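Reader: I have a model open at the bench. Walk me through its packing, please.

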Amino acid sequence: MRVDELIKSSPLTGPTARLDTELLLASVVDKNRTWLATWPDKVLSSDQVLSFQALIDRRVQGEPVAYILERQAFWDADLFVSPSVLIPRPETEALVEWVLELGGERIADLGTGSGALAIAIARELKDATVEAFDLSEDALAVATKNVAQWAPGVSLHQGSWLSGYQGKAFDVIVSNPPYIDVLDQQVASNVRRYEPDMALFADEQGLKDIRDITQQARKHLVPNGWLLFEHGLEQGDAVRSILSDQGFSQIQTRQDLAGLDRLTGGRL
């Protein structure tokens, strides 16, 4: 079959159907989407058609394209991802921008997952020391691969947030922790099915890990250091209260790239 015929015959539906189809097809022919548009009448081999159909079948079942392709763009890096880590979202880049605005010599990323935040920060703040933490060995294996390719200077640590960490204090601590209430039934089925539970869900109405991080961060921030979170859409008030109760000031909630109140931070 030809390229254009395969694209038109795709069973995918929804707002990203065309994009998803083209990304999967481009991966099969080892080209980019521009190539597909330039050569719509290119005839693919039967093996290529079968490979494409197998990928489409996985997508029809709800598996995210990023996991199928094992790649996801974030900031200026094309990161390796697996079901061991959350798929980095473009909206989280607003958290990177906030860190860049603050600057600092020492920065920590808690719950690094794929390493997306730490890598983006390190690539911009080239003189800063960036350290990334995650409890999951599998997640750290993914982060290790990405760090080696995109930001070799980032140091990786295994642990529950900063518990047990004995290093120097940080100027900025940033985290995109689990913040979905374990009882929340509104989570998209493909997210619940494919992305790692330990990176999504938290007790205490989704706030337990934010509370734990805030308590631990007080011991690992320099005077006037900042703690920044990504959190749920309706958690701004609660996160501001948690920061205030732990002695933080200049507390503020900001919007992500989608214009939603999803980032809150404070100064110790």
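Reader: Start with the rings. Is Tyr 165 buried or exposed?
Author: This is a predicted model, in which local features need pLDDT of at least 70, side-chain atom pairs count only at pLDDT 80 or more, and totals for chains, interfaces and linings use all residues. Residues are numbered from 1 along each chain as its sequence is written, and side-chain values use heavy atoms, with hydrogens and water left out. Buried means under 20% relative accessible area, exposed over 50%, and partly exposed in between (1.4 Å probe, protein chains only). Tyr 165 has a relative accessible area of 12%, so the verdict is buried.

Reader: How many aromatic pairs does the structure hold?
Author: Rings of Phe, Tyr and Trp (its six-membered ring) pair if their centres lie within 6.5 Å. Planes under 30 degrees apart count as stacked, over 60 as edge-to-face and the rest as tilted. The number of aromatic pairs in the structure is four.

Reader: Phe 133 and Phe 170 form one aromatic pair; which kind is it?
Author: The ring centres of Phe 133 and Phe 170 are 6.4 Å apart. The angle between their planes is 90°, and the pair is edge-to-face.

Reader: How many residues apart in sequence are the parts that this pair ties together?
Author: Helices (H or I, at least four residues) and strands (E, at least two) are DSSP runs, numbered from the N terminus. Phe 133 sits in strand β4 (residues 129–134), and Phe 170 in strand β6 (residues 170–175). Phe 133 is buried at 3% relative accessibility, and Phe 170 is buried at 0%. The pair therefore ties together parts whose separation in sequence is 37 residues.

Reader: Which residues do ring pairs link into a cluster?
Author: Tyr 165 and Phe 170 also pair, stacked, at 5.5 Å centre to centre and 20° between the planes. Ring pairs thus make a cluster of Phe 133, Tyr 165 and Phe 170.

Reader: Where does His 220 lie, and what does it contact?
Author: His 220 is in the loop between α12 (208–217) and β9 (221–230). His 220 is buried, at 12% relative accessibility. Contact means heavy atoms within 4.5 Å. Leaving aside neighbours within four places in sequence, His 220 contacts Leu 162, Tyr 165, Ala 169, Phe 170 and Ile 173.

Reader: Why do the buried residues of α12 line one face of the helix?
Author: The buried residues of α12 are Asp 209, Ile 210, Ile 213, Thr 214, Gln 216 and Ala 217. The cover over them includes β3, β6, β8 (201–202), β9 and α13 (236–245). The arc is that of the directions from the helix axis to the C-beta atoms. Seen down the axis of α12, these residues line one face because they fall within an arc of 170°.

Reader: Which element gives the largest share of the largest nonpolar core?
Author: A nonpolar core is a set of buried Ala, Val, Leu, Ile, Met, Phe, Trp, Tyr and Cys residues joined through side-chain atoms within 4.5 Å. The largest has 29 residues, of which Val 99, Ile 121, Val 154 and Leu 228 touch the most other members. β2 (77–80), α6 (93–102), α7, β4, α8 (137–150), β6 and β9 each supply at least two residues of this core. The largest share is seven residues, and it comes from α7.

Reader: How many residues are in the other core?
Author: That core lies apart from the largest one. Its members include Trp 161, Tyr 165, Ile 210 and Ile 213. Its count of residues is 24.

Reader: Where is Ser 114, and is it buried or exposed?
Author: Ser 114 is in the loop between β3 (106–110) and α7 (116–124). Beyond four places in sequence, its contacts include Phe 80, Ile 119 and Asn 146. With a relative accessible area of 3%, Ser 114 is buried.

Reader: Asp 30 is not a glycine; what is its phi?
Author: Asp 30 is in the loop between α2 (17–29) and α3 (33–38). Asp 30 is exposed, with a relative accessible area of 69%. Its phi is positive, at about 60°.
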